[in-house]
Amino acid sequence: MVISCVVRRASYVGLLLLTPALLRAQDVIGIPVGETPPAVILENLNGDSVALSQWIGKKPVIVEFWATWCPICAELLPRLEAAQRKFGDRAAFLVVAVAVNQSKNSVRRHLERDPMPFTFLWDGNGAAVRAFQAPSTSYIAVLDAKGKVVYTGVGADQDIESALETAVGGGRRR
């Protein structure tokens, strides 16, 4: 019983790590461009309920689905930090910590060791994963000021700055 749970969990983690490479060849990744994600309630890392509508529909928003154990997320970090320095006054940067092989406490400990300049939210029940149709960690969705998706992508080599230029400037991109 214990061995089968370990094997099952390891195969889930393996799929999450391989999914970005498999998805790059697909045209639509996650929630389609032009759509507005449904309303979602998450938690902050203190356990308080937080509605994504607090940010979405107010100004452009970038949402990354992330995990402490995700090497692709770590590779993506410099691009996110550069984009945050450039667009931080014009866009909200949200990181949704998924509840796969990590806990709120492990996320908090990770951020104490390696702080990041973003708003972190906890998706303990997978509500945001479902709303954004997030296929894996390192998945990013960029929304314009009206709350419509203008970009989705997965993997370490995403052009986040270009996606945010589109969201801030009001153009459309895929």
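**Salt bridges and a helix pair**

Okay, let's start with two helices that touch: on the H2 side we have Leu-76, Arg-79, Leu-80, Ala-82, Ala-83, Lys-86 and Phe-87, and they meet Ile-160, Glu-161, Leu-164, Glu-165 and Val-168 on the H5 side. Sort the residues of that contact by type, and you get eight nonpolar, four charged and no polar ones. Before I go on, please keep in mind that this is a predicted model.

So how do H2 and H5 sit against each other? Their axes come within 9 Å and cross at roughly 35°. As for the handedness, H2 passes H5 in a right-handed crossing.

Now look at the charged residues in that contact. The side chains of Lys-86 and Glu-161 form a salt bridge, with 3.3 Å from N to O. Which parts of the chain does this pair tie together? Lys-86 belongs to helix H2, which covers residues 71-87, and Glu-161 belongs to helix H5, residues 160-169, so the bridge joins parts that are 75 residues apart in sequence. Are these two buried or exposed? Lys-86 has 40% relative accessibility, so we call it partly exposed. Glu-161 is partly exposed too, at 28%. And there's a third member here: Lys-86, Glu-161 and Glu-165 are linked in a network of salt bridges.

Let's move to another spot. Lys-104 and Glu-43 also meet through their side chains in a salt bridge, and here the N to O distance is 2.5 Å. This one connects a helix to a strand: Lys-104 is in H3, residues 104-113, while Glu-43 is in strand S1, residues 41-44, so the parts being tied together are 61 residues apart in sequence. For Lys-104 the relative accessible area is 21%, which makes it partly exposed. To see why, remember that buried means under 20%. Glu-43, with 27%, is partly exposed as well.

One more pair, and then I'm done. Asp-89 and Arg-90 have side chains that meet in a salt bridge, at 3.7 Å from N to O. Why does that still count? Because the cut-off for a salt bridge is within 4 Å. Asp-89 is exposed, at 64% relative accessibility, whereas Arg-90 is partly exposed, with a relative accessible area of 35%.

So how many salt bridges are there by this rule? The count comes to four. If you want to find one on the screen, try Lys-86 in H2 and look across to Glu-161 in H5. Thanks, everyone!

Key:
Residues numbered from 1 in each chain as written. Predicted model: local features only at pLDDT ≥ 70, side-chain atom pairs only at ≥ 80, totals over all residues. Heavy atoms only, no water. Helix = DSSP H or I, 4+ residues; strand = E, 2+ residues; numbered from the N terminus. Buried < 20%, exposed > 50% of the residue type's maximum accessible area, 1.4 Å probe, protein only. Axes fitted to C-alpha atoms, helices over the stretch in contact; angles between N-to-C directions. Left-handed = near helix turned anticlockwise from the far one by under 90°. Contact = heavy atoms within 4.5 Å. Nonpolar A, V, L, I, M, F, W, Y, C, P; charged D, E, K, R; others polar.
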